[in-house]
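Reader: I'm new to this one. Could you show it to me and walk me through the labels?

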Amino acid sequence: MDKSAFKAVLRRARRLREAGPPPQIVALIPAHNEAERIAAAVAALHRQERPPHRIVVMADNCSDATGRVAEANGATVLESRDNTHKKAGALNQALERILPALGATDLILVQDADTVLSPSFLSSAIEAMDRTVGAVGGIFYGERGGGLLGALQRIEFHRYAREIARRGYRADVLTGTATLFRVATLREIRNARRAGRIGGGSSYYSLASLTEDDEITKAVRTLGYRTVSPPGCAVVTEVMTSLPALWHQRLRWQRGALENLRDYGWTRVTAPYIVRQGLMGLSVVCLALYLVFTVWMFARGRPEFTPFWIAVGLVFVAEKVVTARGAGWRSQLLAGTLGVELAYDMFQHAVYLRSLWDMLGRREEQWRAT
């Protein structure tokens with residue numbers, strides 16, 4: 001072996017020593033009565049291009065066969081102990097048991113039991129996990145089914161995925177459907193809570209928030225880390241099949257987002273979120289004015305359809321159709337009708353107004369599993 005080749009071998013050996021052993025990956029799935037769905041979630045983890053070293057299902061106050069099904073599919077099952085804090089409490093109990101055996105560079109995947117990860121999720125997330133990134137979130141899409149309501153949610157999720165791509169794959173929310181954390185980041189969050197620099201209790205996930213995924217995103221970013229959702233981190237998750245279920249889900253999401261902003265206050269991290277909530281409020285006002293004007297115009301008996309307003313309407317319809325493209329041609333046809341999506345927008349605005357009213361009135365909102 002000549003001198004240059006020998007030096008190349010030494011350089012490779014040095015890089016391997018500096019890199020250290022590959023990180024351990026532990027997948028953690030909190031589950032409450034998910035016997036019908038847990039097998040699919042675990043199977044998708046086994047199919048990963050870079051599968052986790054361990055799959056842990058945290059059975060939280062289950063009265064069905066969730067634990068037995070999870071074990072039969074190759075997962076380790078832990079059971080919560082006297083947990084009254086729903087998902088966040090179950091996650092904290094599981095992390096308290098799992099993290100002591102892990103190193104700072106090891107990784108924890110937290111995912112919902114009703115979610116199936118794409119095979120490239122973990123490999124894509126790990127590739128995106130550089131020193132500036134504290135956590136990598138999934139890009140979620142709706143599962144099939146659910147009728148008209150399911151189709152509207154799928155369109156909404158596809159549009160959100162387009163928005164993530166437009167922002168350069170920055171994750172504004174580390175979705176609870178699936179997020180990969182570095183162990184060191186989780187420990188830093190817990191230490192910051194205990195030191196009083198971040199609220200929400202003294203553990204990893206906040207017990208004071210209705211939306212623990214939204215809150216932990218703000219915690220990660222407050223500590224100075226980036227949050228991303230890169231291509232390849234797609235997941236398919238449950239859609240709500242009834243209006244009451246969708247109402248309670250969205251009310252919890254919206255109320256939780258507003259309360260998290262109230263608790264964190266105006267900071268460099270929360271400023272864009274607060275502005276976005278303000279713009280949402282403005283859209284509520286604009287839509288209300290549009291509907292009032294339309295009703296007034298028809299009540300006069302002389303509706304006016306000028307070329308200008310017709311052109312504006314056509315542009316609006318075209319935008320709806322184009323942004324629904326990823327959801328399939330049927331979804332594009334649905335978006336083109338405009339009326340159905342307008343009703344869905346009104347539903348979302350009603351959720352926003354109710355959430356704002358309840359928060360200002362400090363009405364207690366119950367966390368409901370969906």
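Reader: What order do the three strands of the open sheet take, and what is the pairing?

Author: The order is β5-β10-β7, with mixed pairing. Strands here are DSSP E runs of at least two residues, helices are H or I runs of at least four, and both are numbered from the N terminus. Two strands pair if DSSP finds at least two bridges between them. By the way, this is a predicted model: local features need pLDDT of at least 70, side-chain atom pairs count only at pLDDT 80 or more, and totals for chains, interfaces and linings use all residues. Residues are numbered from 1 along each chain as its sequence is written, and side-chain values use heavy atoms, leaving out hydrogens and water.

Reader: What makes β5 and β10 (residues 234–237) a pair?

Author: Three bridges join them, and the cut-off is at least two. They run antiparallel, and L117 sits opposite V235 in β10.

Reader: Why do β5 (115–117) and β7 (139–142) count as edges?

Author: Each has a single partner strand, so one side of each lacks a neighbour in the sheet.

Reader: Why is α7 called roughly perpendicular to α8?

Author: The axes of α7 (residues 183–194) and α8 (residues 212–222) cross at roughly 90 degrees and come within 10 Å. Axes are lines fitted to C-alpha atoms, for helices over the stretch in contact, and angles run from 0 to 180 degrees between N-to-C directions. Roughly perpendicular covers 65 to 115 degrees, so α7 earns that label against α8.

Reader: Which residues of α7 and α8 meet?

Author: T185, L186, I189 and R193 in α7 meet E215, I216, A219 and V220 in α8, contact being heavy atoms within 4.5 Å.

Note on methods: Parallel < 35°, antiparallel > 145°, perpendicular 65-115°, else oblique.
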